[in-house]
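Reader: Please take a close look at one part of this model, starting from a single position and its contacts. Then connect that part to the rest of the chain, giving distances and accessibilities where they exist.

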Amino acid sequence: MNTFFYLKSCSTCNRIIKDLNLPSDTIMHEIKSEQISEEQLNNLKGLAGSYEALFSKRAQLYKSEGLKDKNLNEDDFKHYILKHYTFLKRPVLVYNNDIFIGNSSKTVEAAKTFIQANE
């Protein structure tokens with residue numbers, strides 16, 4: 001199932017949505033209004049390889065809670081992502097069991113090329 005995890009108030013996410021021109025059957029999962037479930041996060045981790053790959057070190061809470069000064073492990077990354085939506089790196093696109101994490105131009109271009117090749 002193709003799913004796009006994003007934050008509605010994030011202008012970068014909204015720009016990427018337009019740029020990707022996602023197929024109409026893609027599930028749009030807005031992470032603030034619908035918290036990511038543990039099962040969903042575990043599935044994402046399976047595709048990404050680690051919870052750390054899904055964790056945003058740019059989140060305001062990362063700095064304000066002093067997490068940048070701690071040595072976090074996989075259980076910690078999972079805990080914080082489930083605790084607050086801002087810890088999920090965004091956007092995250094799962095498309096045909098491939099995963100694209102983050103908003104770098106390289107990632108967005110790879111996702112766009114993958115979608116076009118699999119339509």
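**Around Thr-86**

Author: Leaving aside residues up to four places away in sequence, Thr-86 is in contact with Ser-56, Ala-59 and Leu-61. The model is a predicted one, and every value below is computed from it. Thr-86 sits in the loop that runs between helix 4 and strand 3. Its relative accessible area is 16%, so Thr-86 counts as buried, the cut-off being under 20%. There is also a polar contact of 3.0 Å, made between the side chains of Thr-86 and His-84.

One end of that loop leads back to helix 4, which covers residues 74-83. The buried residues there are Phe-77, Lys-78, Tyr-80 and Ile-81. Helix 2 (38-48) is part of what covers these buried residues of helix 4. At the N-terminal end, helix 4 is capped by Asn-73, with a side-chain oxygen 3.0 Å from the backbone nitrogen of Asp-75.

The other end of the loop leads to strand 3 (92-95), and this strand takes part in the packing of helix 5. The buried residues of helix 5 also pack against helix 1 (11-20) and strand 4 (98-101). Which residues of helix 5 are these buried ones? They are Thr-107, Val-108, Ala-111 and Ile-115. Viewed down the axis of helix 5, they fall within an arc of 95°, so they line one face of the helix. The other side of helix 5 has Ser-105, Lys-106, Gln-116 and Ala-117, which are exposed. As a check on geometry, helix 5 has 13 residues (105-117) and should span 18 Å at 1.5 Å a residue; the distance between its end C-alpha atoms is 18 Å, so the two agree.

Helix 1, one of the partners of helix 5, contains Cys-13. Cys-13 has a relative accessibility of 0% and therefore counts as buried. Beyond residues up to four places away in sequence, Cys-13 touches Phe-4, Tyr-6, Leu-7, Arg-90 and Pro-91. Its C-alpha atom is 9.3 Å from that of Gly-102, although 89 residues separate the two along the chain.

Two of those contacts, Phe-4 and Tyr-6, belong to strand 1 (residues 3-6), and both are buried on one side of that strand. Thr-3 and Phe-5 are buried on the other side, so both faces of strand 1 are covered. Strand 1 pairs with strand 2 (residues 27-30) in the parallel sense, over 4 bridges. In this pairing, Met-28 of strand 2 is opposite Phe-4.

One point remains about the cysteines. The structure contains 0 disulfides. Cys-10 is in none, and its nearest cysteine sulfur belongs to Cys-13, 3.4 Å away. Cys-13 is likewise in no disulfide, with the sulfur of Cys-10 as its nearest at 3.4 Å. Why does this pair not count? A disulfide requires cysteine sulfur atoms within 2.5 Å, and the separation here is 3.4 Å, so the pair is left out. Cys-10 also counts as buried, because its relative accessibility is 16%.

Key:
Residues numbered from 1 in each chain as written. Predicted model: local features only at pLDDT ≥ 70, side-chain atom pairs only at ≥ 80, totals over all residues. Heavy atoms only, no water. Helix = DSSP H or I, 4+ residues; strand = E, 2+ residues; numbered from the N terminus. Expected span 1.5 Å × (residues − 1). Buried < 20%, exposed > 50% of the residue type's maximum accessible area, 1.4 Å probe, protein only. Arc of directions from axis to C-beta. Contact = heavy atoms within 4.5 Å. Polar contact = N/O pair within 3.5 Å; in protein donor to acceptor, adjacent residues only side chain to side chain. Pairing = 2+ DSSP bridges.
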